[in-house]
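Trainee: Could you pick one contact between side chains and take a close look at it with me? I would then like to see how it fits into the rest of the picture.

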Amino acid sequence: MRAEFEAVALPHLDALYSVALKMTRDAFAAEDLVQDTFVRAYRFFSRFQRGTNCKAWLFKILKNTFINRFRQSRRQPEQVDFGAIEEHSEASLLDRSEPGSRNPEELVDDGSLDGEVQAALARLPPEFRMVVVLSIVEGYSYKEIAAIMSCPIGTVMSRLHRARRILQVDLVHHAAERGLVSDLSQFA
C-alpha cells in the first residue's frame, strides 16, 4: 500500500504546497498543512477509489484541513507574529511602465502585492479565498475547482464572482491612492 500511495500521491506534493502557501501566506504553516494532508491521505488511502483523480482527492483533503484549522483558530485569540510582517515598497508597483501592465496572477506569484491587498485576500472567507487561489492564481478550471471543493460548478462561479466583488469594494480606495483608479463613482 505504501508504494502505491507514494506512486500516486507524491507527484502532487509541489502543487499542494503551492496552493497551501497561497492559502496560509506562511511557509511553515503551508508545510504543516501539506504534511497533515498527506498524513490524512495515507491514513485513509484505502478509501481512495483507484482510477479516479488523486490530485482532486488530495486537494479536497487539503481544503478540509485548512477550513478545520481556520475554524479552530477563530475559537482562539488572534496571535500576531510581528517578525513575519513585511513592509512592501510602493516602488514595486509604481516601477511599472504603466498601471495595470501586469496581470494579477503575476503580482501574486512574485510577491508584489502590498500589505493592503494581501490583507484583503486574508479577510475573505475561506471558501472564497480558496476559489480565488485555485482559479486566479493556480489557473484551475471551474470544473476542476468544483471537483476539488466538492461543490457544483455554479457554486464555484458564484463564489468567485462574490469574492471579486468583495475585493473590489474592499480595495477601491487603496487603488485610488495608488493612481490605478481615478473615478470612484463607478464603484458606488
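Mentor: Happily! Let's start with R50 and E4, whose side chains meet in a salt bridge with an N to O distance of 2.8 Å. R50 sits in the loop between α3 (27-43) and α4 (54-75), while E4 belongs to helix α1, so this pair ties together parts that are 46 residues apart in sequence. Keep in mind that we are looking at a predicted model. As for the general idea, side chains of opposite charge can pair when their charged atoms come close.

Are the two partners buried, exposed or something in between? R50 has a relative accessibility of 42% and counts as partly exposed. E4, at 32%, is partly exposed too.

To put this pair in context, the structure holds three salt bridges. Another one also involves helix α1: R2 pairs with E6, their closest N and O atoms being 3.0 Å apart. Here both partners lie within α1 (residues 2-9), four residues apart, or about one turn of the helix. In general, an α-helix has 3.6 residues a turn, so residues three or four places apart point the same way. R2 is exposed, with a relative accessible area of 57%, whereas E6 is partly exposed at 33%.

The remaining bridge joins R123 and D170, with 2.9 Å between the closest N and O atoms. This pair again links distant parts of the chain, since R123 is in helix α7 (residues 115-123) and D170 is in helix α10 (residues 153-177), 47 residues apart. Both ends are partly exposed, R123 at 46% relative accessibility and D170 at 29%.

Now step back to the fold that these pairs belong to. The protein has 10 helices and zero strands. Of its 188 residues, 33% count as buried. Among contacts with a separation of 6 or more, 63% are between residues 24 or more positions apart. The accessible surface comes to about 11700 Å², and carbon and sulfur atoms account for 51% of that.

From the charged pairs, let's move to the nonpolar interior. The largest nonpolar core has 44 residues, and those touching the most other members are W57, F59, L62, L134 and M149. The elements that give two or more residues to this core are α1, α2 (13-24), α3, α4, α7, α8, α9 (142-149) and α10. Its largest share, nine residues, comes from α4. W57 is a good residue to zoom in on: apart from neighbours within four places in sequence, W57 is in contact with A41, F44, F45 and F48.

Helix α8 deserves a stop as well. Of the 12 residues in α8 (residues 126-137), 11 are buried, so this helix is largely enclosed by the rest of the structure. Its buried residues include F128, M130, V131 and L134, but also R129 and S135. Take S135: its relative accessibility is 15%, and S135 counts as buried because the cut-off is under 20%. Beyond residues up to four places away in sequence, S135 touches Y140, I145 and L160. After α8 comes G139, whose phi is positive, near 80°.

What about nonpolar side chains on the outside? Y142, I153 and M157 form a nonpolar patch on the surface, with about 260 Å² of accessible area together. Of these, I153 lies in helix α10 and is partly exposed, with a relative accessible area of 36%. Helix α10 is also where D170 pairs with R123.

One last item for the bench: how many disulfides does the structure hold? There are zero. A disulfide, in general, is a covalent bond between the sulfur atoms of two cysteines. As for individual cysteines, C54 is buried, with a relative accessible area of 6%, and C151 is buried at 16%.

Let's come back to where we began. R50 and E4 bring together the loop between α3 and α4 and helix α1. Helices α1, α3 and α4 are also among the elements that give two or more residues to the largest nonpolar core.

Conventions
Residues are numbered from 1 along each chain as its sequence is written. This is a predicted model: local features need pLDDT of at least 70, side-chain atom pairs count only at pLDDT 80 or more; totals for chains, interfaces and linings use all residues. Side-chain values use heavy atoms; hydrogens and water are left out. Buried means under 20% relative accessible area, exposed over 50%, partly exposed in between (1.4 Å probe, protein chains only). Contact means heavy atoms within 4.5 Å. Accessible areas come from the Shrake-Rupley method with a 1.4 Å probe; for residues, only the protein chains shown count as cover. A salt bridge is a side-chain nitrogen of Lys or Arg within 4 Å of a carboxyl oxygen of Asp or Glu. Patches are made of residues with over 30% relative accessible area and no salt bridge: like charges are joined within 9 Å, nonpolar side chains (Val, Leu, Ile, Met, Phe, Trp, Tyr) within 5 Å. A disulfide is a pair of cysteine sulfur atoms within 2.5 Å. A nonpolar core is a set of buried Ala, Val, Leu, Ile, Met, Phe, Trp, Tyr and Cys residues joined through side-chain atoms within 4.5 Å.
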